[in-house]
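Please open the model in a viewer and keep the selection panel at hand. The tour below proceeds by selection, one stop at a time.

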Amino acid sequence: MLRQGILRPSNLPKLKLCAWFRPEEEPSKAAVRGSSVDAIYRQMLIGLTDFPSGTAADIQAADWAVGQTDQIAGKNKVLARKEECAVTIPGFPKPGEVDALCRKLFCSFDLKTGQWYDYRLQMAAYAWGLMTMYFAETWTTWLLFCDLRRVYHYTFTYAEAARVVLEVVHAYEAAPPPTFNSYCAWCDNAGECPVLINRADEALALTEKPKFDFPALLANAQRLGSFLTACRAVEPYQQQATDRAKEYLLQKVDVPGWSLITRSPGKYVELAAVLPIVNKLGAERILQEYGHLSLAKYEKLCAEAGLTPDAAAIKTGAGATYLRSAPELK
Ligand code: SF4
């Protein structure tokens with residue numbers, strides 16, 4: 001039976017797409033790292049200087065975020081203890097939690113690891129709760145993307161924050177039928193979700209037809225569209241099915257048509273071993289072997305070095321054309 005996920009700020013973007021989205025209980029590796037860097041950031045703000053569990057890169061990332069927080073808050077007091085950062089949001093079953101906040105400036109801070117993602121709904125929920133708690137008319141939520149070394153912010157009025165959050169809350173409470181969306185593969189309901197099961201049924205019926213005429217299908221735009229929709233239907237199950245097949249094969253249980261192949265692991269050289277060569281040949285020669293640097297890494301290195309990225313150095317590679325389902329699949 002489908003169960004709805006808990007109404008909490010971080011779930012809002014997914015609940016907006018499907019009121020039944022329920023996050024997997026096991027946190028991903030990325031989420032575990034995010035929590036670890038968050039903890040270091042807050043410890044630094046509180047004044048601690050020893051972080052036994054953090055890697056050097058995580059400590060550096062958190063330190064950058066602390067620098068940004070100091071710049072924004074100036075001499076105003078920043079609160080970072082868990083109990084000071086709890087946010088009661090009207091209608092939400094449990095309090096949320098920002099990473100830090102400055103009551104004087106009516107703003108809060110959230111450190112984010114990884115790539116940019118649209119956190120507007122989550123931030124609106126925090127802003128609404130904090131404005132309610134501190135009788136504020138506007139609230140600014142600062143997002144510190146510590147891997148990208150970028151800072152973004154959203155400023156909400158009370159009415160705007162309440163409106164965007166309540167839109168999702170009302171849809172969640174009304175619980176309309178589930179809607180297929182790009183997060184289905186990460187939903188704990190996926191195994192039992194009728195939307196996914198129907199789509200997979202359709203796909204399997206199509207692929208099991210005795211006379212599958214692929215050239216005819218390619219020649220017919222209408223059938224091609226239905227075929228691609230059906231292919232997409234089984235995607236959310238693919239990873240789980242692959243993992244289970246590997247388990248069977250490792251236990252010597254036959255999975256018709258499949259076998260395990262073990263590739264010998266790729267070999268690589270650690271950075272420390274490259275340094276003597278850099279000293280001998282110079283950085284330029286070694287960098288030629290490393291190839292192009294992504295824009296995100298270039299900007300990150302510039303930020304670390306305190307340099308402004310050189311617009312002329314940023315080149316554009318060849319574009320690519322992708323196929324996208326339109327309108328959004330139901
Ligand atoms: S699997 Fe997708 S459609 Fe089904 S409940 Fe989860 S998010 Fe909604």
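The stops that follow cover the domains, the ligand shell and three helix pairs.

**Stop 1: the domains.** Please bear in mind throughout that this is a predicted model. Colour residues 9–174 as domain 1, residues 190–250 as domain 2 and residues 271–307 as domain 3. Then place a centroid on the C-alpha atoms of domain 2 and another on those of domain 3; the two centres are separated by 44 Å.

**Stop 2: the ligand.** Select the ligand together with its surroundings, a shell of 16 residues. Cys18, Trp20, Cys184, Cys187 and Cys193 are the closest of these. What is the class make-up of the shell: how many nonpolar, polar and charged residues? There are 13 nonpolar and 3 polar residues, and no charged ones. With the domain colours still on, note that domain 1 and domain 2 each contribute residues to this shell, and the ligand therefore lies between them.

**Stop 3: helices H2 and H3.** Select residues 29–46 for H2 and residues 56–73 for H3. Their axes approach to within 9 Å and cross at roughly 50°, so the two helices are oblique to each other. The crossing of H2 past H3 is right-handed. To view the contact, show the side chains of Ser36, Val37, Ile40, Tyr41, Met44 and Leu45 on H2, which meet a set on H3 that includes Asp58, Ile59, Ala62 and Val66. The contact of H2 with H3 comprises 10 nonpolar, 2 polar and 2 charged residues.

**Stop 4: helices H5 and H6.** Move on to residues 120–134, which form H5, and residues 158–174, which form H6. Here the packing angle is about 125° and the axes lie 8 Å apart; H5 and H6 are therefore oblique to each other. Their crossing is left-handed. On the H5 side, display Leu121, Ala124, Ala125, Ala127, Trp128 and Met131; they meet Tyr158, Ala161, Ala162, Val164, Val165 and Val168 of H6. By class, this contact of H5 with H6 has 12 nonpolar residues, with no polar and no charged ones.

**Stop 5: helices H10 and H11.** Finally, select residues 271–281 (H10) and residues 283–290 (H11). The axes are 7 Å apart, at an angle of about 125°, so H10 and H11 are oblique to each other. Val274, Ile277, Val278 and Leu281 of H10 make the contact with Ala283, Arg285 and Ile286 of H11. In this contact of H10 with H11, 6 residues are nonpolar, none is polar and 1 is charged.

Conventions:
Residues are numbered from 1 along each chain as its sequence is written. This is a predicted model: local features need pLDDT of at least 70, side-chain atom pairs count only at pLDDT 80 or more; totals for chains, interfaces and linings use all residues. Domain bounds come from an automatic or database domain assignment. A residue is near a molecule or strand if its C-beta atom, placed from the backbone, lies within 6 Å of it. Ala, Val, Leu, Ile, Met, Phe, Trp, Tyr, Cys and Pro count as nonpolar, Asp, Glu, Lys and Arg as charged, and the others, Gly among them, as polar. Axes are lines fitted to C-alpha atoms, for helices over the stretch in contact, and angles run from 0 to 180 degrees between N-to-C directions. Helices (H or I, at least four residues) and strands (E, at least two) are DSSP runs, numbered from the N terminus. Angles under 35 degrees count as roughly parallel, over 145 as roughly antiparallel, 65 to 115 as roughly perpendicular and the rest as oblique. A crossing is left-handed if the near helix is turned anticlockwise from the far one by less than a right angle, and right-handed if clockwise. Two residues are in contact if their C-beta atoms, placed from the backbone, lie within 7 Å.
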